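Me: Hi! I've got a new model open and would like to talk it through. Where shall we start?

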Amino acid sequence: MHKVLSVLLAIITSNLCWAQQEIPKSLGSNVNSSYQETKPVISPDGNTLFFARQNYPENYSGSNDPQDIYIAQRQNGSWSEARNIGEPLNDKYPNGVSSVTPDGNTLLVINGYNEYGDVLDGASISYRKGGRWQYPQMIYIQEFYNLNEYIDYYLSNNERTLLLAIETEESFGDQDLFVSFRIDERNWSKPVNLGGQINTTSPEFSPFLAADNKTLFFSSYGHNGYGDADIFYSKRLDDSWQNWSKPENLGADVNSKEFEAYYTIDAAGECHFRCRNWVFSHFRKWYSLSVCSCKKRIYWNPAISRFN
């Protein structure tokens, strides 16, 4: 564990090896399709990729199904053909994975699932038992509401801290980053705004908390960047979750004038995912998965500008 953290901190303190110029390589047709893929979540061991695919004929409700969860396995350095993760995680509603715990047996998924087969605003937890994902159980966040059409979550590795990208009356403007703390298995405290060092009057979203539980990666339209949304990182300075170092842009090797977001790292600090936006027309944006490496650095290009 100390070795893993040392590797991760070394990557962070050296500005994540961004000084090296590397050419992205496609993850290939086993993961990419002619349809739209979005928001990656990599397992702690770096060998399982969860992502969402939109309006695909093999989705739960066919091509009219807005979004299903898919999974691909890395075997001998290559990715297996992605498969639909199936019920009970996928249904007729938009489905997606927000986080996977270090043991790989717990997923935080979007939507509040209930026993009637409907969904509510919020998030749920699914546990893997006997090799199968169980029906997700909705978590209850005190005084939770969201005024924005978009929402993101991230569950920390210790499963005690929940980051949210939401808009409330306490927001500086649009989506802000908030933190909520676990009370018991299914109950969480009222979300607290991370403050003006992190949040601006423009959207902040796609939070990711590194294994040290202090280094926060997120995307922002409000901090100084190269054009569209860029990826930044900041260090938590104390346990109040209100004091943060000045957010640092990850630089031109990561960010561009296009959209970058949804950065994530595996537990060893070897695989890095992010979103990049390639625009082929004024009204529609197309994306694809790509891979690049410092040891092995993976870049993600989503199908939508922000994940529902």
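**Chatting through the fold**

Reply: Let's start with contacts: among those in the protein with a separation of 6 or more, residues 24 or more positions apart account for 49%. A contact here means heavy atoms within 4.5 Å.

Me: Good to know. Any ground rules?

Reply: This is a predicted model, where local features need pLDDT of at least 70 and side-chain atom pairs count only at pLDDT 80 or more, while totals for chains, interfaces and linings use all residues. Numbering runs from 1 along each chain as its sequence is written, and side-chain values use heavy atoms, with hydrogens and water left out.

Me: How many helices and strands does the protein have?

Reply: One helix and 27 strands. These are DSSP runs numbered from the N terminus, with helices (H or I) of at least four residues and strands (E) of at least two.

Me: And how much of the protein is buried?

Reply: Buried residues make up 55% of the 308. Buried means under 20% relative accessible area, exposed over 50% and partly exposed in between, with a 1.4 Å probe and protein chains only.

Me: OK, β2 next. Why is it described as largely enclosed?

Reply: Because seven of the seven residues of β2 are buried, β2 is largely enclosed by the rest of the structure. Lys39 is found in this strand, which covers residues 36–42. At 8% relative accessibility, Lys39 counts as buried.

Me: A buried lysine, nice. Which strand does β2 pair with?

Reply: β3 (residues 48–54), in the antiparallel sense and over five bridges. Two strands pair if DSSP finds at least two bridges between them. Thr38 stands opposite Ala52 in β3. Lys39 and Phe50 are eleven residues apart in sequence, with their C-alpha atoms 8.2 Å apart.

Me: What joins β2 and β3?

Reply: The two form a hairpin with five residues between them, and Gly46 in the turn has a positive phi of about 75°.

Me: Which residues have a positive phi without being a glycine?

Reply: Glu143 is one, at about 55°, and Asn213 is another, at about 65°. Most residues other than glycine have a negative phi, and most peptide bonds are trans. Glu143 is in the loop between β12 (140–141) and β13, and it is exposed, with a relative accessible area of 59%. Asn213 sits in the loop between β18 (204–209) and β19 (215–220).

Me: Where is there a cis peptide bond?

Reply: From Glu87 to Pro88, with omega near 0°. Pro88 lies in the loop between β6 (83–84) and β7 (97–100).

Me: Back to sheets. What's the order in the open sheet of four strands?

Reply: The order is β13-β14-β15-β17, with antiparallel pairing. β13 (152–155) and β17 (192–193) stand at the edges with a single partner strand each, so one side of each has no neighbour in the sheet. Further in, six bridges join β14 (residues 161–166) to β15 (residues 176–181). One of the partnerships there is Ile166 with Asp176 in β15.

Me: Last topic: how many cavities of 30 Å³ or more turn up?

Reply: Two, in a search of the whole structure. A cavity is a set of points, on a 1 Å grid over the protein atoms alone, where a 1.4 Å probe fits but cannot get out, and lining residues have an atom within 4 Å of a point. The second largest has a volume of about 40 Å³, a volume being the space filled by probe spheres set on the points, which are joined across faces, edges and corners.

Me: What lines the second largest cavity?

Reply: Ile125, Tyr127, Gln137, Met138, Ile139, Glu185 and Arg186. β9 (119–129) and β11 (137–138) each supply at least two residues of that lining.

Conventions
1 Å grid on protein atoms, 1.4 Å probe; cavity = no way out; pocket = protein on both sides within 12 Å on 5 of 7 lines; lining within 4 Å.
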